[in-house]
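Open the structure in your viewer and keep the selection tool at hand. This tour says what to pick at each stop and what is there.

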Amino acid sequence: MMKIYSNNHLKYAFAVVMMFLVLTWSRVPVNAQTKPQTDWLLNPTAYKAVIKATASGKEIVLNNGLVKRTFRLSSNLVCTDYTNLINGQQLLRSVKPEARLTINGKTYNVGGLVGQKENAYLLPEWIDHFSAGINDFQFKRFEIKMLASRLNWKSKFWASNHQQPGGRQIDFYYQSGAPELACLEVIVSYELYDGLPLIIKSLSIKNSGDQSFKINRVVSEVLGMVEEQSAVVGTPANMAKPQGIYLETNYAFNNAMRYDLSDQTTHWKADSTYTSQVNYDYQTPCLLEIYPDKAPGIDLQKGEVFNSVRTNELLMDSYDRERRGLAIRTMYNTVVPWTTANPIFMHLVSRNDEEVRAAIDQCAATGYEALILSFGSHCNMEDTSAANIKRWKQLAAYAHSKGIFIGGYSLFSSRRISDADDVIDPKTGKPGGAFFGNAPCFGSKWGLAYRDKIKTFYAQTDFDIWENDGPYPGDVCASTTHPGHRGLDDSQWRQMEIQKELYHSLHQKGVYINAPDWYFLDGTNKIAIGYREVNFSLPREDQMILNRQNIFDGTWEKTASMSWGFVPLTKYQGGGPEAVLEPLKDHLKDYEQLMIQYYGAGVQACYRGPRLYDTEVTKQTVIKVINWYKKYRDILNSQIIHLRRADGRDWDGILHVNPNLQTKGMLMLYNPLKQAITRTISIPLYYTGLTSTATVQEQEGPVKKYSLSRDYKITCTITLKPESYTWVQIR
């Protein structure tokens, strides 16, 4: 039972303070002249990408109403302005080159100007007195075009967004005056997106000559940025980094299930030219450089094109963790829409084909949409014999006849193959030293054959989903005999290219990809939400608390549809009968609650076992939950506002918000205690788009109408039964 109370009795002073905070950190820019008309997180439609030259012809401006980036075209191209139009923040304090290349052991700047003496700030009138570096790559021309889809996504699964993003792109072309580099052309590209304070930068190097070039390093972004913190003493390692920008590239790995811990390319450095900084040793981290530490080290052959990492530069207007997370999650939803696909799947542990057919039948009977042959099952994708292909093609056809997608599991890394095919440790010259101890090199004969076998299996069986465990984790390899790379220097870059090309190939055939590493920008769909596997051997009551903690913690910077959880229907990682759900009929309450807390968060879990139900009562329980999820699927797959983390001591819960739906909010609440509780909960509704009134309905109960407070909140008093949950619709 629930009673709703308005906030009319809040003190006026408190309301004013809260309103000030909301406006200061979330809505009102510092410079009123640049104020956007609406909050882009509520309605981004007005913010369209425009790239054009100024009236004088001296500058090119990228502007979508949220971010502005300006380039001076002479005497060499240079970025002179990088402004967050939401809050008026200027990110730049000095000019820098557009990129920096090390070729055949010698370093060259791409674009940029020299001559700035004071590096604490930049005045436009100074720029005419700067000059181009003699040996730098010089700007020649530019091209403006519509933003093109980078990956041809074939969307066949349920998704909250099936549309590719809109925007504009500009390509700046450079050539070197050095005779030895005359055949190299560098193209620096900027993509400006509609509705996002986002620019994506990348570069390409084309070799049209007759000789090869050693590309030792490519620094694809260099920015002299305003410092976040002025400290008299300190180093880049222990001082605060600029928080007005979020950076993400498509070069990340280490199985951390988080981008910030998987990133291999972001480097905040000291700027020795900034001699007026507060830090006595000139160690303020205010020089941004983007490059992979251990790459590329490649030989660029005649006619080849090198493509750099792609850097997502998302401007931030707040220190608030939730708003920053919402911005990042909105970026994913928009720029990589395949991450919004979220099919309902089962993880089957099978021993024979009949068990696969039986599980397909159960999926069809309960409303599940997909079946994944789990680890430990009898599906071997590395067997591309005619008999094995025929077997799984027939099972795929059976699944499709029932309206069920089918997929399977395959392990690449975290296994030993042979001395000839494993990663070679540069310290010892022997196999070993990999992220997982021993692992195959993707550039070895076995690794290249593995790639080809996966492609063959999916092309010939019509499978829909690939669960790629242990994808390439960044291992370097000192072998000089592997056909996929020349040696240590290019081993990481080349293996990364092999992994990405495989993902691109499957992605463009419509294959859904689960992979426990951060390859979202190159076509993968889902990653583990972040959990400790041995915890699934703990008692079910512990698992329920831990799972809700995992959901709460794992959805700050990634969306629910980008995440999978885990429910052990049968024994996994040890544990006794208290840890599993089988027999399902004996643990229906726990089974239902585990489903509700995952589906209620929009997170698909791996329900791992031989079956979804064992009795008619169990079957009806599964059907009830799946029908509920599908009925509210749109709002349950919408953005999450984090309310209270599970701790077993009191209620916990989350709030889904979506200003574009009729149901603009869905509150999911849990009571872990063995007694009923009544709690008064403050519910923030700003990101629902509601401003004055709202209606609230607990489950299918009576509808209540009330007014929002000045800080966009309501206060609800809710009673929860012992060890139970509830859900509340907000319109």
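Lys and Arg count as positive here, Asp and Glu as negative, while His and the chain ends are left out. With charges placed that way, the protein has 81 positive and 74 negative ones, and their mean positions lie 4 Å apart. Keep in mind throughout that this is a predicted model.

**Stop 1: the whole chain**

Show everything as a cartoon. The secondary structure comes to 11 helices and 37 strands. The protein is as compact as a globular protein of its length, because its radius of gyration of 27 Å is close to the 27 Å that the globule rule gives for 731 residues. Turn the model along its principal axes. The C-alpha atoms fill a box of roughly 80 × 75 × 45 Å.

Now switch on the surface. About 28600 Å² is exposed, and carbon and sulfur atoms supply 51% of that area. Of the 731 residues, 59% count as buried. Contacts reach along the chain too: among those between residues at least 6 apart in sequence, 70% join residues at least 24 apart.

**Stop 2: glutamate 59**

Select glutamate 59. It sits in strand 3, residues 59-63. Is glutamate 59 buried or exposed? Neither label fits: its relative accessibility is 21%, so it counts as partly exposed. The cut-off for buried is under 20%.

Show its contacts next. Beyond its neighbours within four places in sequence, glutamate 59 touches Lys52, Ala53, Thr54, Thr70, Phe71, Arg72, Leu73 and Thr80. Then draw a distance to glycine 653. The two C-alpha atoms are 50 Å apart, with their positions 594 residues apart along the chain.

**Stop 3: two cis peptide bonds**

Go to serine 74 and serine 75. The peptide bond from serine 74 to serine 75 is cis, with omega near 5°. Serine 75 lies in the loop between strand 4 (67-72) and strand 5 (78-84).

Jump to glutamate 582 and proline 583. A cis peptide bond joins this pair as well, with omega about -10°. Look for proline 583 in the loop between strand 28 and helix 9.

**Stop 4: helix 4**

Select residues 353-366. This is helix 4, with 14 residues. From first C-alpha to last, helix 4 reaches 20 Å, close to the 20 Å expected at 1.5 Å a residue. Color its buried residues: Asp353, Glu355, Val356, Ala359, Ile360, Gln362, Cys363 and Thr366.

What do the buried residues of helix 4 pack against? Two helices and three strands are there to select: helix 5 (386-401), helix 10 (616-631), strand 22 (345-348), strand 23 (370-373) and strand 24 (405-411).

**Stop 5: two residues with positive phi**

Pick serine 414. Its phi is near 60°, a positive value in a residue other than glycine. Serine 414 lies in the loop between strand 24 and helix 6 (445-461). With a relative accessible area of 39%, serine 414 is partly exposed.

Move on to glutamine 699. This residue is not a glycine, yet it has a positive phi of about 50°. Its place is the loop between strand 34 (693-698) and strand 35 (703-707). At 30% relative accessibility, glutamine 699 counts as partly exposed.

Stay in that loop. Glutamate 700 is also found between strand 34 and strand 35. Leaving aside neighbours within four places in sequence, glutamate 700 is in contact with Lys631, Tyr632, Trp727 and Gln729. The C-alpha atoms of glutamate 700 and threonine 719 are separated by 15 Å, and 19 residues along the chain.

**Stop 6: helix 8 and helix 9**

Select residues 540-554, which form helix 8. Its 15 residues reach 20 Å, close to the expected 21 Å. Helix 8 is mostly covered, with 11 of its 15 residues buried. Among them are Met544, Ile545, Ile551 and Phe552. What covers the buried residues of helix 8? The cover includes helix 9 (588-599), along with strand 28 (563-568), strand 30 (639-644), strand 31 (652-657) and strand 32 (665-671).

Finish on helix 9. It has 12 residues and reaches 16 Å, close to the 16 Å expected. Helix 9 is mostly covered too: 11 of its 12 residues are buried. Color the buried ones, including Leu588, Tyr591, Leu594, Met595 and Ile596.

Note on methods:
Residues are numbered from 1 along each chain as its sequence is written. This is a predicted model: local features need pLDDT of at least 70, side-chain atom pairs count only at pLDDT 80 or more; totals for chains, interfaces and linings use all residues. Side-chain values use heavy atoms; hydrogens and water are left out. Helices (H or I, at least four residues) and strands (E, at least two) are DSSP runs, numbered from the N terminus. The expected span of a helix is 1.5 Å times one less than its number of residues. Buried means under 20% relative accessible area, exposed over 50%, partly exposed in between (1.4 Å probe, protein chains only). Contact means heavy atoms within 4.5 Å. The radius of gyration is taken over C-alpha atoms; the globule rule is 2.2 Å times the number of residues to the power 0.38. Accessible areas come from the Shrake-Rupley method with a 1.4 Å probe; for residues, only the protein chains shown count as cover. The place of a charge is taken as NZ of Lys, CZ of Arg, CG of Asp or CD of Glu.
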